[in-house]
Amino acid sequence: MVNSPLKQVSTPSYGSELLISVPEEFTFAHCQKFLNRNKHECLHQVDSQRWIKLLKLDQQLILVTVSMTQGSLRVQTHDNILSESQKRQLKAYITEVFDLKTDLSQFYRAVKNEEIMAHLTQRYYGLRLIGIPDLFEALCWCVIGQQINLNFAYQLKKQLVYNKGERLQFKGVDYYTFPEVEVIAEMSTEEFAAWKFSNAKAQYIIGIAQAMLQGQISKEMLLGSSKEDAVKGLTALKGVGPWSAHYVMMKCCRENSAYPIDDVGLQNAVKIHSAMTRKPTKTELLQLSKRWNPWQAYATFYLWHSLI
DNA sequence: ATCCAGGTTCGGG
DNA sequence: CCCGAACATGGA
């Protein structure tokens, strides 16, 4: 049989499989659409049926494929038989990325009287807030994305991941993990400059890595604090302002009332859906968000999704 | 050419 | 406390 390099193998010859049941309000295709929003994304791959990602579970690199089957998420490994511990971690990871524990019907009910969300929640019924479970990755992604267009941001991330992440080759395709804190903490700003990072971004990312390494901040800490204290802890990091703090709360800590109000994408989306001739002011965005309470993060995510 | 991109920090009034 | 400038680069 001819083995074309473009052809994907449909079933693993030697691997583990687990099925994760999904809530009623879950539409894999909408999530796929978001995951596939930029062609420069380097931390996973998406095809029409599957999401493919390299994970590190118990210090082992494991390539994982996620697809939808008979009302469940099917999670497969390609050439690893998972330990029970790895299976647990994998299930927890997938559950977190796709936010399977949130009852979306409550979000839908809460916003049904606000025009924009009434529209978007019908249009994207079952879309889940796709998360970034790793705090370091979430923070770096914030810093990278600040003040530049998303396309360029993805290219900067690619430099970081290709040069400092871990790689696994499978059937001729390279897959990567996000770099470890320890690796980035030892870098110099000069290395970043060669990748077209600004000096400020480089310093922020190195500083964040060092702060995490020293235990100044951790995901456990954030999850154990009030929302207010968590934002305070995050903004204490150089390079992390209000927007980034709320972005991290939203994508990493699963705080559904987080609200990155300074976000230009949010502003543009509201402008479009309100048929405004100018961007909404911060005051207007705050007023609007009261009608989404306590689901500001989900509303923001649906608005972002409408810009894809 | 000029302005805007998933903002934030820093220095000056 | 508030405001402008600087930041690196690319696309419109």
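**Pockets and the DNA-facing surface**

About 710 Å³ of space lies in the second largest pocket of this predicted model. The elements that contribute two or more residues to the lining of this pocket are α5, α6, α12, α13 and α15 (296–305). Of these contributions, the largest share comes from α13, with three residues. In total, 22 residues line the second largest pocket, and those nearest its centre are L150, W243, D263, V264 and G265. When the lining of the second largest pocket is divided by class, eleven residues are nonpolar, eight are polar and three are charged.

The largest pocket has a volume of about 1,100 Å³. Its lining comprises 41 residues, with Y93, P133, D134, L135 and E137 closest to the centre. At least two lining residues are supplied by each of α1 (28–35), β3 (50–57), α2 (84–97), α5 (135–145), α6 (150–164), α10 (219–223) and α12. The strand β3 gives the most to the lining of the largest pocket, namely six residues. With respect to domains, at least three residues of this lining come from each of domain 1 (17–101) and domain 3 (135–253). The lining of the largest pocket contains 22 nonpolar, six polar and 13 charged residues.

The surface near DNA strand B was then considered. There are 22 residues around DNA strand B, of which L150, G241, S244, K279 and W304 come nearest. L150 is also among the residues nearest the centre of the second largest pocket. Sugar or phosphate accounts for 62% of the atoms of DNA strand B within 4 Å of the protein, and bases account for the rest.

Individual polar contacts involve both the backbone and a side chain of the protein. A polar backbone atom of G241 lies 2.8 Å from a phosphate oxygen of DNA strand B. For V264, a polar backbone atom is 3.3 Å from a phosphate oxygen of the strand. In the case of Q147, an N or O atom of the side chain is 3.2 Å from a base nitrogen of DNA strand B. Two elements, α12 (242–251) and α13 (264–273), give two or more residues to the surface near DNA strand B. The helix α12 provides the largest share of this surface, three residues. By class, the surface near DNA strand B consists of nine nonpolar, eight polar and five charged residues.

Conventions:
Residues are numbered from 1 along each chain as its sequence is written. Chains are lettered from A and ligands numbered from 1 in the order in which they are written. This is a predicted model: local features need pLDDT of at least 70, side-chain atom pairs count only at pLDDT 80 or more; totals for chains, interfaces and linings use all residues. Side-chain values use heavy atoms; hydrogens and water are left out. A residue is near a molecule or strand if one of its heavy atoms lies within 4 Å of it. A polar contact is a pair of N or O atoms within 3.5 Å; within protein, one must be able to donate a hydrogen and the other to accept it, and residues adjacent in sequence count only if both atoms are side-chain atoms. Helices (H or I, at least four residues) and strands (E, at least two) are DSSP runs, numbered from the N terminus. Ala, Val, Leu, Ile, Met, Phe, Trp, Tyr, Cys and Pro count as nonpolar, Asp, Glu, Lys and Arg as charged, and the others, Gly among them, as polar. On a 1 Å grid over the protein atoms alone, a cavity is a set of points where a 1.4 Å probe fits but cannot get out, and a pocket is an open set with protein on both sides within 12 Å along at least five of seven lines; lining residues have an atom within 4 Å of a point. Grid points are joined across faces, edges and corners, and a volume is the space filled by probe spheres set on the points. Domain bounds come from an automatic or database domain assignment.
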